[in-house]
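Please examine the sequence and the three-dimensional structure shown below. The report that follows treats strands, cores and a surface patch in turn.

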Amino acid sequence: MNKIENFYNHYNEDKRLMRKSRMPEYLLTMKYIEKYLFAGARVLEIGAGTGRYSIALAEKGYDVTAVELVEHNIEIMKEKVKNSYNISIYEGNACDLSFLDDNSFDIVLLLGPMYHLFDENEKHKAISEAIRLSKTGGVVFVSYCNNDTCIYKFFGRRTMIKQMKKGFVTSDFRARPKNVFELYRKPDIDNLMKNYNVERLHFVGVDMLSYVFDDRFDKLNDREFKLYIEFLESICEREDLVGFSIHMLDIFRKGNEYDYE
């Protein structure tokens, strides 16, 4: 936890999704969230960061509960809240949200915690909590960072040998940048989810190679960027291409009958 808090205390998370190479992650994720929103929906965001999604949804009039681990991020998020927003903000850990009631939310967003959980039991705790808090038939969004696209990024920056010397990349090309980020391949996610009573609705690559070629995509003009987003929307669920995306979004519906351990 100290490593994670230290990282975000010195990282401008609030500006992360503002560059054109980073915006696709936000725009495509919001597109899928809005697909399942409805009037009166209750939304929970676990690992809300500085509130990029929670504040946007509160601004649209939804009842939002935001939970964040890092106090620094919470302070930034609270500065964005307006009196008209129906939003509650809590400090909390994705692995234990026992202060929130079962079956309470129509939409549950787990868009950051899986990036930082290394222990298999903690990963399952975070997913189980998200499912527990979802209503029956509710939709859960879980985001993961892609191992192999990160490897491409290291090669592109010509830092691969340095990353391997530091122990951040293993000989079989498994990466754990700065020992802060946990990275996944699609089979890892499938294995993690195989015993849950859920129906997968979408598996989406929300930014594809945008991070790898950020020096190019950041220079797109508005017309080119609009066209690029249209292109990403056309390919983001293709099974032959999702594995290129540095951020992968798993969207599933909670089953009608769910027993908790």
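Strand E4 (residues 105-110) and strand E5 run parallel and are joined by 5 bridges; strands pair when DSSP finds at least two bridges between them. Helices (H or I, at least four residues) and strands (E, at least two) are DSSP runs, numbered from the N terminus. Leu110 stands opposite Val142 in E5. Of the 13 residues of E5 (residues 134-146), 10 are buried, meaning under 20% relative accessible area with a 1.4 Å probe and protein chains only as cover.

The model is predicted: local features need pLDDT of at least 70, side-chain atom pairs count only at pLDDT 80 or more, and totals for chains, interfaces and linings use all residues. Residues are numbered from 1 along each chain as its sequence is written, and side-chain values use heavy atoms, without hydrogens and water.

Two nonpolar cores (buried Ala, Val, Leu, Ile, Met, Phe, Trp, Tyr and Cys residues joined through side-chain atoms within 4.5 Å) are listed here.

| Core | Size | Residues named |
|---|---|---|
| Largest | 43 residues | Leu57, Leu109 and Phe141, with the most contacts inside it |
| Second, separate | 29 residues | including Leu110, Ile127, Met193 and Val242 |

Helix H2 (residues 23-36) supplies the largest share of the largest core, 6 residues. Not counting residues up to four places away in sequence, Phe141 touches several residues, among them Tyr32, Leu109 and Ile251, where contact means heavy atoms within 4.5 Å.

At the surface, Phe173 lies in the loop between helix H7 (160-165) and strand E6 (183-184). Phe173 counts as partly exposed (from 20% to 50%) because its relative accessibility is 36%.
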